[in-house]
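Student: I've got a structure to go through and would like to talk it over. Can you take me through the packing and the links?

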Amino acid sequence: MPQAVANFMFLRMLELDGQNTFSEHLTIEPAQQIPPAFREINFVGWNHLCETSCTPQEQPVTAWKGKPWWVPGEMHSATLTTPFSWDTSLAGTDYRFKPDIQIDANILPADGKIRPFKTGYQWSLDYDGGTEDLDRIRCDTPAGDAPAGSVPGCVFVNVAPTYTFNAKAFPQAAAHAWLIQKATAKHPGSMVDQKPLYYMGDESQNNRSRTRICPTGWAANNGDPSAWWMRATR
């Protein structure tokens with residue numbers, strides 16, 4: 001006799017939503033209707049993991065949006081938001097976190113006998129297509145000599161932010177970016193050539209660049225006003 005199977009889909013989103021916090025939004029949904037061979041499937045156990053200095057704040061079952069159990073014929077979604085906090089007490093510290101989750105369930109088959117079931121599901125053991133490092137997070141605290149107003153914060157280590165120029169609204173700026181990417185040897189900022197831009201930490205060079213592009217500098221007499229207006233208001 002063929003064994004009854006119930007397949008579920010897991011969607012996990014990490015949100016960097018605070019100076020010393022981030023959140024995980026986990027959604028569980030059946031891949032198809034629960035078959036009659038199961039009276040109920042209940043995801044009763046979840047355990048979040050994180051490195052030292054990172055603390056998951058486990059939520060009660062009442063925190064789920066949508067009930068985390070399913071009976072035959074159901075296909076609803078259930079979502080749980082779990083906050084994480086990290087230690088910001090040490091100045092000038094760089095942390096690397098890879099938050100994770102384990103999930104277990106109780107299965108009540110048609111015979112009515114509850115069978116606790118170790119699903120063995122753990123997010124980090126189920127990566128696909130080279131995505132295993134996309135959820136790695138770096139969190140930093142300002143160094144002692146950081147500028148006033150500097151605050152802790154987190155970024156996704158392996159996600160490169162992108163910016164698309166509005167060529168119709170700002171043709172000069174878009175044309176200039178295109179020339180830099182295509183006509184120079186190193187193609188800086190070109191997604192096609194996989195040449196990302198990097199932050200320039202040289203403060204003196206930063207100031208020289210500002211005096212050229214800002215409206216009160218070189219661009220005021222030599223540039224196209226619409227180009228620096230775009231730069232100033234972005």
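**Disulfides, sheet and cores**

Tutor: Let's start with one pair: Cys139 and Cys154 are both buried, where buried means under 20% relative accessible area, exposed over 50% and partly exposed in between (1.4 Å probe, protein chains only). Before going on, this is a predicted model, so local features need pLDDT of at least 70 and side-chain atom pairs count only at pLDDT 80 or more, while totals for chains, interfaces and linings use all residues. Residues are numbered from 1 along each chain as its sequence is written, and side-chain values use heavy atoms, with hydrogens and water left out.

Student: Which parts does the pair of Cys139 and Cys154 tie together?

Tutor: The two form a disulfide with sulfur atoms 2.1 Å apart, the cut-off for a disulfide being cysteine sulfur atoms within 2.5 Å. Helices (H or I, at least four residues) and strands (E, at least two) are DSSP runs, numbered from the N terminus. Cys139 lies in one strand and Cys154 in another, so the pair ties together parts 15 residues apart in sequence: strand E10 (residues 137-140) and strand E11 (residues 153-156).

Student: What is the handedness of the disulfide of Cys139 and Cys154?

Tutor: Look at the torsion about the S-S bond. It is about 105° for Cys139 and Cys154, so the disulfide is right-handed.

Student: And Cys50 and Cys54: is Cys54 buried or exposed?

Tutor: Cys50 and Cys54 form a disulfide, with their sulfur atoms 2.1 Å apart. Cys50 counts as partly exposed at 23% relative accessibility. Cys54 has a relative accessible area of 7%, so Cys54 is buried.

Student: What pattern do the disulfides of the chain follow?

Tutor: The count comes to two disulfides. With bonded cysteines counted along the chain, the pattern is 1-2, 3-4.

Student: Now the open sheet of four strands: which strands stand at its edges?

Tutor: The order is E1-E2-E6-E4, with antiparallel pairing; two strands pair if DSSP finds at least two bridges between them. Each edge strand has a single partner strand, so one side of each is left without a neighbour in the sheet; these are strand E1 (8-15) and strand E4 (54-56).

Student: Which residue in E6 is the bridge partner of Pro56?

Tutor: E4 and strand E6 (residues 78-86) pair in the antiparallel sense over three bridges. In E6, the partner of Pro56 is Phe84.

Student: Which residue forms an aromatic pair with Phe84?

Tutor: Rings of Phe, Tyr and Trp (its six-membered ring) pair if their centres lie within 6.5 Å; planes under 30 degrees apart count as stacked, over 60 as edge-to-face and the rest as tilted. Phe84's pair is stacked, at 5.1 Å centre to centre and 10° between the planes. Its partner lies in strand E2 and Phe84 in strand E6, so the pair ties together parts 62 residues apart in sequence. That partner is Phe22.

Student: How many residues does the largest nonpolar core have?

Tutor: A nonpolar core is a set of buried Ala, Val, Leu, Ile, Met, Phe, Trp, Tyr and Cys residues joined through side-chain atoms within 4.5 Å. In the largest one, the residues with the most contacts inside it are Phe8, Ile28, Phe43, Trp64, Trp70 and Ile103. The core has 18 residues.

Student: And how many residues are in the second, separate core?

Tutor: Its members include Cys54, Phe84, Ile137 and Cys154. The size of this second core is ten residues.
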